[in-house]
Amino acid sequence: MKIIESVLEMQQISSRARGEGKRIALVPTMGFLHAGHGSLMEEGRRRSDLLVTSIFVNPTQFGAGEDFDSYPRDLERDLAVAAKAGVDLIFAPRAREMYPEGYQTWVDVEKLTLPLCGASRPGHFRGVTTVVCKLFGIVQPTFALFGKKDFQQLAVIRRMTADLNLPVEIVGMPIVREADGLAMSSRNSYLSPEDRVNALCLSRALGAVTAAYRKGERDVAALEALARGEIASVAGAVIDYLEFRHSGSLEMQARADDATLLAMAVKIGTTRLIDNCVLGDDEDLLSRPVDPPN
Ligand code: AMP
């Protein structure tokens, strides 16, 4: 496995590979890799001849006062996870090469970025779409893999790729969870032992809503009350947003159906966590142990 820092070198390797008819898969990440990232890499491995994982903590998608400086970084560990998943190349550019002096070009998806994380993190998606568009230009992937953990991000990237006619197939992958239901995230490393227990209220809320939906409840207000009740039962959990929207358009819905997305961002102590589910999906959020394993 080779580590490449230079944009030009990455571009040259990719151009050569494409010229030889190779299929390239790209898994964009911000590092501090876990099994969620690993699942994207494994699918990328299956689909490609050249598997590239980018590791880049992208400064332009962090707002003022967010955790850019403290975002967890551990390149040694990342290399081990990536090697295990069969990654061929790690692309880890420097911020000053991605955004040199005089940089002034941005990609902005207008509507899908307005609600949910877009409302609470102004400018976040502009940073995401810009860096992903740049990565597509550099790595020239046939496939790019993204997790449904960041559901809105996946929707926004699909839209950008279609709108800009980018020749990349976007692959969305299921959320990988810890045994007790917590969605894996690099930011889980911020959680104190107490926070870690409290953080289970997110997946519990998803489980409660899914159970009620499967029993026939279709009224969004009733489903929302259930979810909010689960979060409210935990002291120190503060909802940033908790909304039911159509999983394609991200428009609000009053009646739930199989395409309804429940998306939430909740602060546990000082850590902001996101999670979601689509009500018609058969993800099993209900058969999880309630207490975290010791
Ligand atoms: P990040 O490093 O957090 O920017 O994530 C890089 C990619 O991994 C994104 O496409 C995420 O959606 C995806 N990802 C992160 N956590 C998970 C998870 N628990 N399950 C599946 N995909 C994930």
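Tutor: Before we start, contact here means heavy atoms within 4.5 Å. This is a predicted model, where local features need pLDDT of at least 70, side-chain atom pairs count only at pLDDT 80 or more, and totals for chains, interfaces and linings use all residues. Residues are numbered from 1 along each chain as its sequence is written, and side-chain values use heavy atoms, with hydrogens and water left out.

Student: Which residues does Asp219 touch, not counting residues up to four places away in sequence?

Tutor: Start with where Asp219 sits: in the loop between helix H9 (200-214) and helix H10 (220-232). Helices here are DSSP runs of H or I with at least four residues, numbered from the N terminus. The C-alpha atoms of Asp219 and Ala256 are 6.3 Å apart, although 37 residues separate the two along the chain. Leaving out residues up to four places away in sequence, Asp219 touches Ala254 and Arg255.

Student: Is Asp219 buried, exposed or partly exposed?

Tutor: Buried means under 20% relative accessible area, exposed means over 50%, and partly exposed is in between (1.4 Å probe, protein chains only). Asp219 has a relative accessible area of 30%, so it counts as partly exposed.

Student: How many residues does each domain give to the contact?

Tutor: The chain is divided into domain 1 (2-173) and domain 2 (186-278), with bounds from an automatic or database domain assignment. Taken over C-alpha atoms, the domain centres are 26 Å apart. The contact takes 20 residues from domain 1 and 18 residues from domain 2.

Student: Which helix gives the most to the largest nonpolar core?

Tutor: A nonpolar core is a set of buried Ala, Val, Leu, Ile, Met, Phe, Trp, Tyr and Cys residues joined through side-chain atoms within 4.5 Å. The largest one has 44 residues, and Val52, Phe91 and Phe136 touch the most other members. Eight of its residues come from the top contributor, helix H6 (residues 124-139).

Student: Why does this core lie between domain 1 and domain 2?

Tutor: Look at who contributes to the core. It lies between the two because residues come from both domain 1 and domain 2.

Student: How are H6 and H7 set relative to each other: parallel, perpendicular or oblique?

Tutor: Their axes (lines fitted to C-alpha atoms over the stretch in contact, with angles from 0 to 180 degrees between N-to-C directions) come within 10 Å and cross at roughly 55°. Angles under 35 degrees count as roughly parallel, over 145 as roughly antiparallel, 65 to 115 as roughly perpendicular and the rest as oblique. H6 and H7 are therefore oblique.

Technical notes:
Helices (H or I, at least four residues) and strands (E, at least two) are DSSP runs, numbered from the N terminus.
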